[in-house]
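Subject: Structure for your review

Dear colleague,

Please find below the structure I wished to hand over to you. My notes on it follow, arranged by topic.

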Amino acid sequence: MSQFSLLEASQLSRYFGSQAAVDNVSFTVNKGEVVGFLGPNGAGKSTTMRMLTGNLAPDHGQIRINGIDLLDNPRQAKAHIGYLPETPPLYKELTVKEFLQFCARLNGIDKKQRQTAVDTAIERCGLGQVAKRLIGNLSKGYQQRVGIAQAIIHSPAVVILDEPTSGLDPIQIREIRQLIRDIANEHSVILSTHILPEVQMLCDRVQIISQGQLVFNDSLDKLSQNMLASTLIVEFAQALSPAILSQLTGVEHVDALSTTRYRLHYLPEQNPTQQLLQHAVSENWQLTTLMPEQHSLEDVFMKLIQKEDIDV
Ligand code: ADP
């Protein structure tokens, strides 16, 4: 492997009663990566994150953080993880500074280094102006910054953020996304979201989870390619074998919608329309319909999730 995996999850499963909230999920996170964990509500994102951060025991599987087994050596492994849960664990009656000092102590930061760690986190998260204010009096956006500050205070290798922009207004969302970008310069990040554009804006790699299972795990480029992968609907006056259509250059596969109507899947740079028209004329295919279809990221997402529904 060329890149060093900071986090390795293998065959993770977690059941609630008989329901598998997370079902045999494996993945790695490399140094410097921002991984988006994407899925609809109830897909299993929080359950996975709680397991990765040592807050929930898996029923099966293994987690290694920076090479350390989380289940065997939770204290050492957790020192390399920062976690912002969906509901941040903030003490609202403390000031920002007091709370972060408390978090620094909780994370076992040496007394001598504590102040520097607190000051650095305050600076990195843009909390300088509100450091002396009570957390309970801050806006939701600023409270979220405090949540992120506590996640990075011990300079963990991996920062795990569960739905970090949920419940914020559009301006706060923009600011928190910018903060996540800054954080990503120094830490590997896993962030969960159900918002597709958020993944496009922030992530190098995308993992899509649906009903507890990973249905996609690849680069953002690959997802975009999938998005751009286009289809043509073609129809003929008489039956035509799909095998003939699949021989057209660039056609990846053919869905038979009926004996005369087909969907041709092709890569964007290899649109087979011209070749199809030439063959239709020279071989008298009696083409009656030729209709391009384009997929949005939303379609790709739905397709990946629906495939899972059908498999279940
Ligand atoms: P997501 O974060 O993607 O919205 P979750 O991980 O919270 O999804 O939930 C996955 C599934 O597990 C859901 O069906 C949810 O109802 C169930 N679940 C999560 N936590 C519990 C729990 N503590 N007890 C019972 N069921 C749970």
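A residue is called buried here when its relative accessible area is under 20%. Please bear in mind that this is a predicted model.

**Strand β9**

I begin with strand β9, residues 205–210, which is mostly covered, as six of its six residues are buried. The cover extends to both faces of the strand. On one side Arg205, Gln207 and Ile209 are buried, and on the other side Val206, Ile208 and Ser210 are buried too.

β9 pairs with strand β3 (residues 34–38) in the parallel sense, over four bridges. Within this pairing, Leu38 has Ile208 of β9 as its bridge partner. β9 also pairs with strand β10 (residues 213–219), in this case in the antiparallel sense and over six bridges. Ile208 appears here as well, standing opposite Phe216 in β10. The strands β9 and β10 form a hairpin with two residues between them. In the turn, Gln211 has a positive phi of about 50 degrees.

**The sheet**

In general, the strands of a sheet pair through backbone hydrogen bonds, either parallel or antiparallel. In this model, six strands form an open sheet with mixed pairing, in the order β6-β7-β8-β3-β9-β10. The edges are taken by β6 (81–84) and β10, and each of these has a single partner strand, so one side of each is left without a neighbour in the sheet. On average, and with direction ignored, neighbouring strands of this sheet are turned by 15 degrees against each other.

**The ligand site**

Which residues surround the ligand? They are Phe16, Gln19, Ala21, Pro40, Asn41, Gly42, Ala43, Gly44, Lys45, Ser46 and Thr47. By class, this shell has four nonpolar, six polar and one charged residues.

Several backbone atoms lie beside oxygen atoms of the ligand, as follows:

- Gly42 has a backbone N or O atom 2.7 Å from an oxygen atom of the ligand.
- For Ala43, a polar backbone atom is 3.1 Å from an oxygen atom of the ligand.
- Lys45 places a backbone N or O atom 2.9 Å from an oxygen atom of the ligand.

Taken alone, the ligand exposes 560 Å², of which the protein buries 61%. Two elements, β2 (19–30) and α1 (45–52), give two or more residues to the shell around the ligand. The largest share, three residues, comes from α1.

Ala21, one of the residues around the ligand, has its place in strand β2. Is Ala21 buried or exposed? Its relative accessibility is 9%, and Ala21 therefore counts as buried, the cut-off being under 20%. Leu168 is 147 residues apart from Ala21 along the chain, and the C-alpha atoms of the two are separated by 27 Å.

**Arg177 in helix α6**

Finally, I draw your attention to Arg177, which is found in helix α6 (residues 170–184). Arg177 has a relative accessible area of 12% and is therefore buried. Its side chain is joined to that of Glu198 by a polar contact of 2.6 Å.

With kind regards

Technical notes. Residues numbered from 1 in each chain as written. Predicted model: local features only at pLDDT ≥ 70, side-chain atom pairs only at ≥ 80, totals over all residues. Heavy atoms only, no water. Buried < 20%, exposed > 50% of the residue type's maximum accessible area, 1.4 Å probe, protein only. Pairing = 2+ DSSP bridges. Near = heavy atom within 4 Å. Polar contact = N/O pair within 3.5 Å; in protein donor to acceptor, adjacent residues only side chain to side chain. Areas by Shrake-Rupley, 256 points an atom, 1.4 Å probe, with all protein chains shown as cover. Nonpolar A, V, L, I, M, F, W, Y, C, P; charged D, E, K, R; others polar. Axes fitted to C-alpha atoms, helices over the stretch in contact; angles between N-to-C directions.
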